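Please look through the sequence and the structure below, and then follow the description from the packing of side chains to the arrangement of strands.

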Amino acid sequence: MKYWRQPLDKDRIKVPIGIVHVINERCKGCGFCVEFCPRGILLMSRQTNAKGYHLPEIADDSNCVNCGLCMLLCPDFAIYVEDSGADE
Amino acid sequence: MAELGYPNNECLEQSGYESSEESDWLTGLHPMDDLLRGERLPHIWCQGCGLGTALTTFISAIQWLEKNRGWDLDKISVVSGIGCTGRVAGYLRLDSFHTTHGRALPFATGLKLANPDLKVVVISGDGDIAGIGGNHLIHAARRNLDITVICVNNFNYGMTGGQVGPTTPHKARAVTTQYGNYEYPFNLPYLVAAGGASFVARWTVLHARRLTWTLREAMEHPGFSFVEIIAPCSTAYARWNPEGRGLDPQKLGRRGLEVMKHYQKIGRVGQDVHPKDAVIKVDENGLISEIVEGKFLDDPRPDLQAAIDQLASVADKRWQAAKKSLDERPKVPKRTDHVPRTEVQLGGFGGQGIMSAGKIVGQAAAIYDKLEASFTQSYGPEARGGSAGSQVVISSDPIHHPHLIEPTSAIIMSQAAYDKYVANLASGGTLLIDDGLVCLSQNHREDIKTYGIAATQIAGEIGNSRAANTVMLGFWAAIIGAVSEEAMRQSVSESVPSKTLDVNLKAFDIGFNRGREKIEQ
């Protein structure tokens, strides 16, 4: 989608880039992170962990903006985001 | 374990934890790991349960307060009750306590009052806080004690298998209400606001970000703050109700996720909503059709500790005055003679001053004569009138049995008391009666000495018939002599109202002189 209006402070605001990490052994496969990621970068994978839960899979890491919602919503402390230090 | 460098980790060894290479919970990878007791994890909560999310939001709020408000983690204390949510206290690496069912709030009340520096947070479920502990909830709210209560509401008793609870919506299904719940649920924000809480909010776990902000506010709020967190119960509640299947009976999926998606659809964030309007609506099938969320009340006012401090200063002033008068009371020379165990039975009807007479005797013995004394009282249910009795034991030695064993003397001022108490008097004991009020019976006991004085009549003659008990006391002091005259006199003058002091001392003298005369006869 192309917007014809641009934010006034577009050149000053840097969009951070995050790196998503999943701790596979902790995951219980509830799917909250996959469903509610605002950038849609996670997918439910076919792979399972040792307990038999399906894991989230990172489909497109480059879109992550380090908002941390997945980290906040995950009930099992199994996903976290790290600031990559780079800006978009 | 200290090398991991967790900030709040000093007591890890004492907790019985044994380090193992297999545990992945002590890796410290996750930013919240330093506030979790890794040795107790993974937690017991089911796949898709909202409690884990409630815990992450709480930890997130604590971390923010530590970073931006300089909160000391050692000054935060978490209390939980019983239930799935009660596990929170066990998983947090904070000073935490897992109490009995429903009693998280009383425990937190004691904790906060004993150590006002602590920030006390109660995290427990709806069954614990609103069900068995419901009374504690409204009274803690009424007192406006400075604690934060986080009530995670999943609409049922989840841990025991999904029974209907105090918050189960009307017509919703639970294990024990398979045709729909016929009861009506609590509206917790309204209940607590009506109880007197000064901060009330509600969020679903889906609104995790705003929930975190509200938790920060609630913990910083001075006074009773209450946050209700709506969380899906993926195993029990979502199993029986349509939202667990995404409203499609054929669909089998992740129930917790379906409930979260449902909350996304029906959650309505309200601005300045009155707690009364903060409803959870259900349709005719028991499907939750609207959840009003937001902060409903933020009204800071003086909390319980402020009120206690204010009244404590008043009480302290009064105590200083009382202590001064106690220190200044006259000294009576200490007795050197040995007083054997002397038991006195006083009896009469209410209003004659039987209780105060007993108290005066005990006070004279204990405070002025430096003897041991014990005082018990027995009376009917009426506060005025009716029968009254009091018992005093005096001795030089410690009193091991506080009640009467075999009274050696009795002061009787009514017929009913005569009938009741004279039979118990020891053989060879002394009975003192008010002549004007008590008639000796036909078969009066021969083995006791009986002395009579018209106490009420005498007291009436000298100006106040209510001094009759003082006449009897003077009479008793002269005849029995277990307590010195000076001590009795001091005790009488300390106990009676200052306006009637002269009358009472005069009454005491008359009684004492009559007693002397009786003995000399």
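In this predicted model, a good place to begin is Ile150(B), which, once its neighbours within four places in sequence are left aside, is in contact with Phe58(B), with Val121(B), Val122(B) and Ile123(B), and with Val227(B) and Ile229(B). Ile150(B) is also among the residues with the most contacts inside the largest nonpolar core, a set of 107 residues in which Val122(B), Phe226(B) and Ile229(B) are named alongside Ile150(B) for this reason. Which helix gives the most to this core? That is helix H1 of chain B, residues 51–68, which contributes 7 residues. Separate from this core is a second one of 55 residues, and Leu371(B), Val393(B), Leu425(B) and Leu431(B) are included in it.

From the cores we can turn to a sheet. Chain B holds an open sheet of 6 strands with mixed pairing, and the strands follow one another in the order S13-S14-S12-S15-S16-S17. At its edges lie strand S13 (372–379) and strand S17 (449–453) of chain B, each of which pairs on one side only. Neighbouring strands of the sheet are turned against each other by 15 degrees on average, direction ignored.

Within the sheet, strand S12 (residues 342–349) and strand S14 (residues 387–395) of chain B run antiparallel and are joined by 8 bridges, and Phe349(B) stands opposite Ser387(B) in S14(B). Elsewhere, helix H14 of chain B, residues 468–480, lies across strand S15 (409–412), strand S16 (430–434) and S17 of the chain, and runs at about 155 degrees to S16(B).

How values were computed: Residues are numbered from 1 along each chain as its sequence is written. Chains are lettered from A and ligands numbered from 1 in the order in which they are written. This is a predicted model: local features need pLDDT of at least 70, side-chain atom pairs count only at pLDDT 80 or more; totals for chains, interfaces and linings use all residues. Two strands pair if DSSP finds at least two bridges between them. Helices (H or I, at least four residues) and strands (E, at least two) are DSSP runs, numbered from the N terminus. Axes are lines fitted to C-alpha atoms, for helices over the stretch in contact, and angles run from 0 to 180 degrees between N-to-C directions. Two residues are in contact if their C-beta atoms, placed from the backbone, lie within 7 Å. A nonpolar core is a set of buried Ala, Val, Leu, Ile, Met, Phe, Trp, Tyr and Cys residues joined through C-beta atoms within 7 Å. A residue is buried if 20 or more other C-beta atoms lie within 10 Å of its own, exposed if 12 or fewer, and partly exposed in between; C-beta atoms are placed from the backbone.
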